[in-house]
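Hi,

Here is the structure I promised to pass on. Have a look at it first, and then read my notes underneath.

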Amino acid sequence: MATGVPKRSRSSKTGRNGSRLGGEGSSIILSYPGKRPEQEILECPPSNTHCVWQGREANSLNRLYAGDNLGIASALLQDASIAGKVGLVYIDPPFATQTTFHARDLSHAFEDHLSGIDFIEFLRARLILLRELLAPDGSIYLHLDAKMVFHLKIIMDELFGPGQFRNCITRKKCNPKNYTRKQYGNVADYILFYTKSDSYVWNRSLEPWTKERAKEYQYVEAKTGRRFMKVPVHAPGTRNGETGQPWRGVSPPPGKHWQFPPAVLDEMDDRGEIYWSPNGNPRRKVYLDENPGIGVQDIWMDFRDAHNQNIEITGYPTEKNQELLRRIVKASSMPGDLVLDCFSGSGTTLVAAEVTERRWIGIDNGIEAISTTLQRFVEGSRPMGDFVSLRAKQKLLPGVPSPPQQLELPLEVDPPGSGSAVGGTTTLGAILNFRLFADEEMYAPVSKVVKEWSGREFGECPFDRVAQRK
Ligand SMILES: C[S@@+](CC[C@H](N)C(=O)[O-])C[C@H]1O[C@@H](n2cnc3c(N)ncnc32)[C@H](O)[C@@H]1O
């Protein structure tokens with residue numbers, strides 16, 4: 001594998017050692033054997049999917065697909081209601097860990113055995129289709145860890161353009177580890193944030209003021225009791241106009257000008273927003289209660305995954321923090337927008353989209369992921385300790401009695417918003433406003449899961465009919 005600089009821009013210069021230096025227009029590409037042309041990937045055959053279950057009040061866009069995301073994404077590209085209309089993509093694919101993942105109850109969840117160029121090409125193919133699905137003002141977040149994020153940064157630059165890179169967010173994923181290896185403990189993973197264009201949906205997220213930060217507002221207004229800080233009312237640079245002239249007999253400091261015209265300064269002063277120092281210098285008061293918080297930065301410390309016995313989880317391995325997903329969904333989409341996660345696992349993104357009133361599509365090719373998502377939609381997540389004690393014991397000790405059957409897939413249950421507890425800290429009704437699809441390979445196992453839960457007959461599998469005709 002090698003990185004190359006194939007195109008040289010006109011502005012390329014010759015460096016001191018005679019090498020050519022790329023200018024702004026140069027693009028770095030990752031070359032490796034087996035890298036397929038984009039067109040070939042865009043032409044990959046769409047999967048044939050079939051609806052297994054439909055909620056009574058299904059929103060036509062809320063969909064959970066069971067099957068391989070390449071063929072399903074390709075099928076979605078042929079759906080005029082979806083292609084080019086996805087507002088936000090978040091994906092948390094396997095990380096090339098060379099691991100087989102099991103759920104907390106020990107069921108097999110998924111394999112993560114691709115590595116090197118196989119992993120890169122697997123992901124690149126999906127990213128190409130996802131790019132086409134995105135709306136012109138859409139955003140994409142790719143969650144990875146240190147092992148592959150640098151390779152995929154180059155791929156993302158190739159596919160979206162280096163100018164569409166917005167952030168590489170560093171997330172603290174867990175508490176400090178007591179490593180005995182000769183290296184630093186690893187508590188970070190990374191989220192690459194790109195947009196499809198320069199004009200994209202952005203709702204600035206704010207960190208609320210902490211007591212510590214509020215200390216900057218050290219003054220208290222005697223009349224009102226409001227906390228404030230003092231900031232200069234002048235700015236660098238001289239001006240010949242009115243902002244360069246004395247105001248209330250005070251000239252701006254040398255080399256500076258007033259930030260506001262005298263009429264505006266008068267109004268501010270009349271409202272009591274100017275602080276006059278004992279030697280007669282004006283300063284502007286900035287009030288704590290008028291400042292909603294500080295913009296979120298690109299290091300996120302507050303969204304660790306299952307880190308203690310108090311948090312609520314589904315028991316699915318690699319399940320991401322629900323609050324992390326809500327921050328992303330709120331920042332990069334609007335209510336009503338379509339959110340897509342094609343490695344949806346336990347459905348974390350889908351729940352975040354639902355509770356923030358977005359529409360959503362999830363895709364996963366694991367039966368454990370699909371059944372966990374369905375369970376979560378109906379029951380919510382649970383305190384972490386419960387999984388360890390009950391479900392795992394049943395697997396390990398077949399004599400342990402089964403828990404009462406709580407799962408009734410959702411034919412006649414509460415409509416959304418009716419108030420039963422789902423999704424840990426959030427209160428909302430069971431999520432039933434969607435359709436469940438499966439590709440040919442997953443139709444039978446998914447139907448079985450639904451049938452077990454709902455106690456309903458689903459009749460003849462349509463794929464069996466297709467197979468019999470052949
Ligand atoms: C890291 S997990 C995602 C976890 C998820 N973010 C959550 O919070 O639960 C990756 C998921 O990708 C799924 N997956 C892997 N390859 C896939 C493929 N080709 N098509 C669809 N899903 C796939 C796995 O079954 C697994 O559930």
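Below is what I found, going from the whole chain down to single residues.

First, a caveat: this is a predicted model, not an experimental one.

**The overall picture**

The protein has 12 helices and 26 strands. Of its 470 residues, 46% are buried. If you take the contacts between residues at least 6 apart in sequence, 69% of them join residues at least 24 apart. The exposed surface comes to about 23,900 Å², with carbon and sulfur atoms supplying 51% of that area.

**The cores**

In soluble globular proteins, nonpolar side chains tend to be buried together. Here the largest nonpolar core holds 47 residues, and the ones touching the most other members are Leu-127, Leu-130, Ile-140, Leu-142 and Leu-152. Several elements supply at least two residues each, among them the helices α2 (69–77), α3 (116–133) and α4 (149–160) and the strands β7 (86–91), β10 (134–144) and β12 (188–195). Two other strands, β23 (338–341) and β24 (359–364), do so as well. The biggest contributor is α3, which gives nine residues to this core.

Leu-142 is a good place to click if you want to see how this core is put together. Beyond its neighbours within four places in sequence, Leu-142 is in contact with Leu-123, Leu-127, Leu-152 and Met-156. The same list for Leu-142 also has Ile-91, Pro-93, Tyr-190, Ile-191 and Leu-192. There is a second, separate core too, made of 36 residues, including Tyr-90, Trp-300, Trp-360 and Ala-430.

**The ligand**

How many residues surround the ligand, and which are the closest? The count is 22, and the closest are Asp-92, Tyr-316, Ser-346, Thr-348 and Asp-364. Sorted by class, this shell has eight nonpolar, eight polar and six charged residues.

Three polar contacts to look up:

- Ser-346: a polar side-chain atom sits 2.6 Å from an oxygen atom of the ligand.
- Asp-68: an N or O atom in the side chain is 2.9 Å from a ligand nitrogen.
- Asn-365: here a backbone N or O atom is 3.1 Å from a nitrogen atom of the ligand.

On its own the ligand would expose 600 Å², and the protein buries 96% of that.

**Helix α2 and Asp-68**

Asp-68 turns up again at the N-terminal end of α2, which this residue caps: one of its side-chain oxygens lies 2.8 Å from the backbone nitrogen of Leu-70. Why is α2 described as largely enclosed by the rest of the structure? Because seven of its nine residues are buried. Those seven are Asn-69, Leu-70, Gly-71, Ile-72, Ala-73, Ser-74 and Leu-76. What they pack against is β5 (49–54), β6 (63–66), α3 and β24.

**A few loop residues**

Two residues in the loop between β7 and β8 (99–102) caught my eye, Ala-96 and Gln-98. Is Ala-96 buried or exposed? Its relative accessibility is 0%, so Ala-96 counts as buried. Setting aside residues up to four places away in sequence, Ala-96 touches Asp-112, Leu-114, Phe-119, Lys-147 and Met-148. The C-alpha atoms of Ala-96 and Asp-145 are separated by 9.2 Å, with the two positions 49 residues apart along the chain. Gln-98, by contrast, counts as partly exposed because its relative accessibility is 36%. Its phi is near 60°, a positive value in a residue other than glycine.

Arg-248 also has a positive phi, near 50°, and is not a glycine either. This residue sits in the loop between β16 (234–236) and β17 (256–258). With 44% relative accessibility, Arg-248 counts as partly exposed.

Last one: Asp-305, found in the loop between β21 (299–300) and β22 (312–313). At 15% relative accessibility, Asp-305 falls under the 20% cut-off and so counts as buried. A polar atom of the Asp-305 side chain lies 3.0 Å from the backbone nitrogen of Asn-321.

Cheers

Notes:
Residues are numbered from 1 along each chain as its sequence is written. This is a predicted model: local features need pLDDT of at least 70, side-chain atom pairs count only at pLDDT 80 or more; totals for chains, interfaces and linings use all residues. Side-chain values use heavy atoms; hydrogens and water are left out. A nonpolar core is a set of buried Ala, Val, Leu, Ile, Met, Phe, Trp, Tyr and Cys residues joined through side-chain atoms within 4.5 Å. Buried means under 20% relative accessible area, exposed over 50%, partly exposed in between (1.4 Å probe, protein chains only). Helices (H or I, at least four residues) and strands (E, at least two) are DSSP runs, numbered from the N terminus. Contact means heavy atoms within 4.5 Å. A residue is near a molecule or strand if one of its heavy atoms lies within 4 Å of it. A polar contact is a pair of N or O atoms within 3.5 Å; within protein, one must be able to donate a hydrogen and the other to accept it, and residues adjacent in sequence count only if both atoms are side-chain atoms. Accessible areas come from the Shrake-Rupley method with a 1.4 Å probe; for residues, only the protein chains shown count as cover. Ala, Val, Leu, Ile, Met, Phe, Trp, Tyr, Cys and Pro count as nonpolar, Asp, Glu, Lys and Arg as charged, and the others, Gly among them, as polar.
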